[in-house]
Amino acid sequence: MACAVIKNGEDGVIFVCGKHDIKPCKRCGFLADYLCDWPVDGGTCDAALCRSHAANIGEQYDLCPIHAKIYRRQSVGEIREPGNLKLVK
Ligand SMILES: [Zn+2]
Ligand SMILES: [Zn+2]
């Protein structure tokens with residue numbers, strides 16, 4: 001069981017509890033539905049992201065705004081899986 005304080009609208013906050021880890025979006029604090037899939041040392045970035053801040057790459061990957069920017073710079077119009085990308089520090 002995990003709980004989190006999630007922004008709800010401009011001023012309000014709500015408590016959300018669930019079986020899985022519940023995280024607020026790293027950028028805006030709203031409920032996060034996605035985790036960044038960018039590969040980092042020992043795993044993935046895992047930044048929590050809401051629908052509007054997750055950048056969908058291909059069919060099954062979502063990236064945080066920072067990594068989406070790096071991804072777009074690396075792949076010149078070509079969609080590659082994040083697992084094939086070089087780790088940029
Ligand atoms: Zn957000
Ligand atoms: Zn990320």
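Here are some exercises with worked solutions on this predicted model.

**Exercise 1. Work out how many helices and strands the protein has, and in which order they come.**

Step 1. Begin with the count: there is 1 helix, and there are 8 strands.

Step 2. Now walk along the chain from the N terminus, where the elements run β-β-β-β-β-β-β-β-α.

Step 3. To see how sure the predictor is, look at the confidence values. The mean pLDDT of the protein is 81, and 82% of its residues reach 70 or more. Confidence is lowest in E1, at a mean of 81, and highest in E6, at 94.

Step 4. Finish with two totals. Of the 89 residues, 24% count as buried. Among contacts between residues at least 6 apart in sequence, 26% join residues at least 24 apart.

**Exercise 2. Describe how strands E1 and E2 are joined, and which residues stand opposite each other.**

Step 1. Find strand E1 at residues 2-8 and strand E2 at residues 12-18.

Step 2. Check the direction: E1 and E2 run antiparallel, and 7 bridges join them.

Step 3. Match up residues across the pair. Lysine 7 stands opposite valine 13 of E2, and cysteine 3 stands opposite cysteine 17 of E2.

Step 4. Look at the turn. The hairpin of E1 and E2 has 3 residues between the strands, and glycine 9 takes a positive phi near 80 degrees there.

**Exercise 3. Decide whether valine 16 is buried, partly exposed or exposed, and find what it touches.**

Step 1. Place the residue: valine 16 belongs to strand E2.

Step 2. Count its neighbours. Valine 16 has 15 other C-beta atoms within 10 Å. A buried residue needs 20 or more, while an exposed one has 12 or fewer. Valine 16 is therefore partly exposed.

Step 3. Widen the view to the strand, which is hardly covered: among the 7 residues of E2, the count of buried residues is 0.

Step 4. List the contacts. Leaving aside neighbours within four places in sequence, valine 16 is in contact with Cys3, Ala4, Ile6, Ile22 and Leu31.

Step 5. Add a distance: the C-alpha atoms of valine 16 and alanine 2 are separated by 8.3 Å, with their positions 14 residues apart along the chain.

**Exercise 4. Compare two loop residues, lysine 23 and aspartate 46, and say why each gets its burial class.**

Step 1. Locate them. Lysine 23 is in the loop between E2 and strand E3 (34-35), and aspartate 46 is in the loop between strand E5 (43-44) and E6.

Step 2. Apply the count to lysine 23, which counts as buried because it has 20 C-beta neighbours inside 10 Å.

Step 3. Do likewise for aspartate 46: it has 15 C-beta neighbours inside 10 Å, so it counts as partly exposed.

Step 4. See what surrounds lysine 23. Not counting residues up to four places away in sequence, lysine 23 touches Ala4, Ala32 and Ala48. Its C-alpha atom is 6.1 Å from that of alanine 48, a residue 25 places apart from it in sequence.

Step 5. Note the backbone of aspartate 46, where phi is near 60 degrees, a positive value in a residue other than glycine.

**Exercise 5. Find the residues with the most contacts inside the largest nonpolar core, and the strands that supply it.**

Step 1. The largest nonpolar core has 15 residues, and those with the most contacts inside it are Ala32, Cys36, Leu49, Leu63 and Cys64.

Step 2. Strand E6 (48-49) and strand E8 (61-63) each supply at least two residues of this core.

Step 3. Zoom in on leucine 49. Beyond four places in sequence, its contacts include Cys25, Ala32, Tyr34, Cys36 and Cys64.

**Exercise 6. Contrast cysteine 50 with tyrosine 71: which element or loop holds each, and why do their burial classes come out as they do?**

Step 1. Cysteine 50 lies in the loop between E6 and strand E7 (55-57), whereas tyrosine 71 is found in helix H1 (residues 65-74).

Step 2. Cysteine 50 counts as buried because it has 20 C-beta neighbours inside 10 Å. Tyrosine 71 has 19, so it counts as partly exposed.

Step 3. Cysteine 50 touches, among others, Cys25, Cys28 and Phe30. The C-alpha atoms of cysteine 50 and phenylalanine 30 are 6.3 Å apart.

Step 4. For tyrosine 71, the C-alpha separation from tryptophan 38 is 9.0 Å.

Notes. Residues numbered from 1 in each chain as written. Chains lettered and ligands numbered in written order. Predicted model: local features only at pLDDT ≥ 70, side-chain atom pairs only at ≥ 80, totals over all residues. Helix = DSSP H or I, 4+ residues; strand = E, 2+ residues; numbered from the N terminus. Contact = placed C-beta atoms within 7 Å. Core = buried A, V, L, I, M, F, W, Y, C linked by C-beta atoms within 7 Å. Pairing = 2+ DSSP bridges. pLDDT = per-residue confidence, 0-100.
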